[in-house]
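Student: I'm new to this one. Could you walk me through it?

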Amino acid sequence: MNRIISTQKAIKISKKLRREGKKLVLAGGCFDILHVGHIKFLGAAKKRGDVLFILLESDKNVEKFKGKNRPINSQKERAIVLSSLRPVDYVIVLELMKTSSDYDKLIINLKPDVIATTKKSRQIIHNARQAKLIDGEVALVINRISNKSTTRLANIISQDNEL
């Protein structure tokens with residue numbers, strides 16, 4: 001079973017799984033350099049349902065959100081790493097998403113039961129709006145772990161390379 005899928009394939013799979021009565025969980029992000037915060041988040045998200053889908057941002061969006069030196073790992077590489085993790089059932093490789101409307105359309109078609117996020121995420125407002133569109137719920141699955149972020153790790157690595 002290929003766990004790295006397109007948005008079109010994800011929509012077909014989600015429809016099939018809903019017909020089977022499965023509870024679908026959706027989470028998203030960049031997942032550029034995996035760290036303990038990611039692992040705890042994915043494990044907690046998976047506990048909210050039967051099947052965990054991950055929306056994986058495109059390289060262009062990661063650069064837009066995180067800066068010109070990101071991503072460190074390509075979307076293809078990030079997808080391979082994520083798909084190897086036990087809690088992750090499917091990694092959806094996103095094409096360039098330009099607007100909130102692009103994300104909303106995808107969420108409406110996937111229709112997850114749960115949208116998982118971290119507490120104090122900057123995306124909570126968008127997650128709540130999307131959950132309302134599909135009559136789903138937002139699950140705040142873990143607190144953000146202080147001092148654990150890909151941006152922090154990338155900065156440490158680049159400082160070491162400058163020495």
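Student: Which residues have the most contacts inside the largest nonpolar core?
Tutor: Keep in mind that this is a predicted model. Its largest nonpolar core has 21 residues. H1, strands S2, S3 and S4, H5 and helix H6 each supply at least two residues of this core. Those with the most contacts inside the core are Phe-53, Leu-55, Ile-92 and Leu-110.

Student: Let's pick Leu-55. Which residues is Leu-55 in contact with, leaving aside its neighbours within four places in sequence?
Tutor: Contact here means heavy atoms within 4.5 Å. On that count, Leu-55 touches Leu-26, Ala-27, Gly-28, Gly-29, Ile-92, Leu-94, Leu-106, Ile-107 and Leu-110.

Student: Which residues are among those of the other core?
Tutor: That other core lies apart from the largest one and has 20 residues. Among them are Ile-54, Val-88, Val-114 and Ala-116.

Student: At what angle do helix H1 and helix H5 pack?
Tutor: H1 covers residues 7-19 and H5 covers residues 100-110. From H1, the contact uses Thr-7, Ala-10, Ile-11, Ser-14 and Arg-18, while H5 brings Leu-106, Asn-109 and Leu-110. By class, that makes four nonpolar, three polar and one charged residues. The axes are 8 Å apart, and the angle is about 30°.

Student: Zooming out, how many helices and strands does the protein chain have?
Tutor: Start at the N terminus and follow the elements: β-α-β-α-β-α-α-β-α-β-α-β-α. Count each kind, and you get seven helices and six strands.

Student: And what percentage of the residues count as buried?
Tutor: Buried means under 20% relative accessible area. Of the 163 residues of the protein chain, the share that passes is 44%.

Notes. Residues are numbered from 1 along each chain as its sequence is written. This is a predicted model: local features need pLDDT of at least 70, side-chain atom pairs count only at pLDDT 80 or more; totals for chains, interfaces and linings use all residues. Side-chain values use heavy atoms; hydrogens and water are left out. Helices (H or I, at least four residues) and strands (E, at least two) are DSSP runs, numbered from the N terminus. Buried means under 20% relative accessible area, exposed over 50%, partly exposed in between (1.4 Å probe, protein chains only). Axes are lines fitted to C-alpha atoms, for helices over the stretch in contact, and angles run from 0 to 180 degrees between N-to-C directions. Ala, Val, Leu, Ile, Met, Phe, Trp, Tyr, Cys and Pro count as nonpolar, Asp, Glu, Lys and Arg as charged, and the others, Gly among them, as polar. A nonpolar core is a set of buried Ala, Val, Leu, Ile, Met, Phe, Trp, Tyr and Cys residues joined through side-chain atoms within 4.5 Å.
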